[in-house]
Amino acid sequence: MKSLFSARGWAEDRLPEAEYLRFRRFAYAKMRTGLKVLMFSMPFLFAIGWARDVAVLGEAAQWTLLLRLALVLGLLALATLTWLSGFSRAAEVFGSFYALLFGTAIALTTAIEPIRLSLTHVPLMLMAVIFLPYSISRWAAAATAAGLVMPLLVLLWYLESPAALWAAYLLFFGMGCAIGLIQRRAQLKASLDVFLHRQRLLHRLHRDTLTDTINREGWETRAHRLHRIQRDMREPLSVIHFDLDHFKAVNEQVGETHGDAILAAASDAMKAHLRHGDLLARIGGKSFVILLPGSNAAAAMRVAERIRAAISGLRMGPAVSASAGVTQTRSNEPLKSATRRAEAAMREAKERGRDRVVLA
Ligand SMILES: Nc1nc2c(ncn2[C@@H]2O[C@H](COP(=O)(O)OP(=O)(O)OP(=O)(O)O)[C@@H](O)[C@H]2O)c(=O)[nH]1
């Protein structure tokens, strides 16, 4: 039961919390717009429906006011709750998009043809009891139509009683919510599949398989996000640009395949000296950039020096070394200008004889 009423029930089993929040944003992005539109349009629909009732029925319209008002206010409250709560569990159940849509449709059709059952109501009921069950299965639609809708429609047609009509509306509304929930669960499941597929593709697209770090595309996406967060939190952010030295000679000496293994070992040496939350990317053949959130230039220099020492300590045949440039981002400075400064410092390290770290 838990899984029927809560998208979280099953999504939680597969996704960690942070991923689940991202999924929720992904799955509900369109729904939020729909909710806003409905929230603003419902009072208008109510006013139109009520005005029409009064014009057609006069005094007799009085008693419908409370019912209509209760319906619209209830739906508005659910929509507000759903909106404000960021789709909490309870709101997900009762404020389902379908319930709102159905309520609006009732208001709309009643506005067109108040109180009496007429042809304008039929499409709405068909939608609730045939079209939606059909989205679950053909048999669900056939069973609902044969067992419930047809007898009910015939009964309503003969009775022509407003009370019976409202009772039927409530029944349809309840059914609509239940069907809506089942359908929504299926939709969320489909969204989760799309979301996970997208994550996997992005992961593959942003990954450098040789060194198991992120590549240039991954860097472009993540580095700017990290830079923005650090700037908003007014925390320091430092950049290190690493480049392996004389790698052409290394390749010539041991061959490209072994050169690849050296590259992977160098990247492992970098990873070993980074903290969780630091960002390492291979942005070129033998060039790496590292973002160190929360580290100032002095701390970044220490990290770069440790990595440099670890790379020169690699025992993989030929002597390997790396040059690095370090800089701290300045306030309100674009990330690109900081990375350019780090690269220039790396070039200076090369000019000064390689296998060293230079602070920009
Ligand atoms: N094995 C291997 N080699 C690579 C890869 N990417 C780039 N290289 C090699 O890295 C070398 C880069 O050469 P250069 O640009 O002349 O630089 P360098 O020899 O390292 O000299 P400096 O940068 O001046 O220290 C080339 O021989 C490339 O083939 C890779 O993925 N695997």
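Let's start with a quick check on a helix: at 1.5 Å a residue, the 17 residues of α12 should span 24 Å, and the C-alpha atoms at its ends are indeed 24 Å apart, so the two values agree. The model you are looking at is predicted. The protein has 14 helices and 7 strands, and 32% of its 360 residues count as buried. Below, we look at three helices, a nonpolar core, the surroundings of the ligand and a few loop residues.

**Helix α12 and its two sides**

- The buried residues of α12 are G259, I262, L263, A266, S267, A269 and M270.
- Around the helix axis these residues cover an arc of only 150 degrees, so they sit on the same side of α12.
- Turn to the other side of α12 and you find T257 and A272, which are exposed.
- A general rule helps here: an α-helix has 3.6 residues a turn, so residues three or four places apart point the same way.

**Helix α13**

- The same kind of length check works for α13: its 16 residues should span 22 Å at 1.5 Å a residue, and its end C-alpha atoms are 22 Å apart, which agrees.
- Buried in α13 are A300, M301, V303, A304, I307, R308 and I311.
- Seen down the axis of α13, the buried residues fall within an arc of 165 degrees, so they line one face of the helix.
- What covers the buried residues of α13? The cover includes β3, α12, β5, β6 and β7.

**Helix α14 and the loop after it**

- For the 17 residues of α14, 1.5 Å a residue predicts a span of 24 Å, and the end C-alpha atoms are 25 Å apart, which agrees.
- A338, T339, R341, A342, A345, M346 and A349 are the buried residues of α14.
- These residues cover an arc of only 155 degrees around the axis, which puts them on the same side of α14.
- K336, S337 and E351, on the other side of α14, are exposed.
- The cover over the buried residues of α14 includes the strands β3, β5, β6 and β7.
- Just after α14, G353 takes a positive phi of about 120 degrees.
- G353 lies in the loop between α14 and β7, and G353 is exposed, with 9 other C-beta atoms within 10 Å.
- Although G353 and S323 are 30 residues apart in sequence, their C-alpha atoms are 9.0 Å apart in space.
- R354 lies in that loop between α14 and β7 too, and R354 has a positive phi of about 70 degrees although it is not a glycine.
- Is R354 buried or partly exposed? With 14 C-beta neighbours inside 10 Å, R354 counts as partly exposed.

**The largest nonpolar core**

- The largest nonpolar core has 41 residues, and I240, A266, I290, A304, A324 and V326 touch the most other members.
- Helix α13 gives the most to this core, with 6 residues.
- As a general point, nonpolar side chains tend to be buried together in soluble globular proteins.
- Which residues does I290 contact, leaving aside its neighbours within four places in sequence? They are I240, M270, L274, D278, L279 and L280.
- Among contacts in the protein between residues at least 6 apart in sequence, 66% join residues at least 24 apart.

**Around the ligand**

- The ligand is surrounded by 16 residues, and the closest are D245, F247, K248, G259 and G285.
- Three elements give two or more residues to this shell: β3, α11 and α12.
- By class, the shell has 5 nonpolar, 4 polar and 7 charged residues.

**Two more loop residues**

- R234 is found in the loop between α10 and β3.
- The phi of R234 is near 55 degrees, a positive value in a residue other than glycine.
- R234 is exposed, with 7 other C-beta atoms within 10 Å.
- G284 is found in the loop between β4 and β5, and G284 is exposed, with 11 other C-beta atoms within 10 Å.
- G284 and D243 are 41 residues apart in sequence, and their C-alpha atoms are 9.1 Å apart in space.

Note on methods:
Residues are numbered from 1 along each chain as its sequence is written. This is a predicted model: local features need pLDDT of at least 70, side-chain atom pairs count only at pLDDT 80 or more; totals for chains, interfaces and linings use all residues. A nonpolar core is a set of buried Ala, Val, Leu, Ile, Met, Phe, Trp, Tyr and Cys residues joined through C-beta atoms within 7 Å. A residue is buried if 20 or more other C-beta atoms lie within 10 Å of its own, exposed if 12 or fewer, and partly exposed in between; C-beta atoms are placed from the backbone. Helices (H or I, at least four residues) and strands (E, at least two) are DSSP runs, numbered from the N terminus. Two residues are in contact if their C-beta atoms, placed from the backbone, lie within 7 Å. A residue is near a molecule or strand if its C-beta atom, placed from the backbone, lies within 6 Å of it. Ala, Val, Leu, Ile, Met, Phe, Trp, Tyr, Cys and Pro count as nonpolar, Asp, Glu, Lys and Arg as charged, and the others, Gly among them, as polar. The expected span of a helix is 1.5 Å times one less than its number of residues. The arc is that of the directions from the helix axis to the C-beta atoms.
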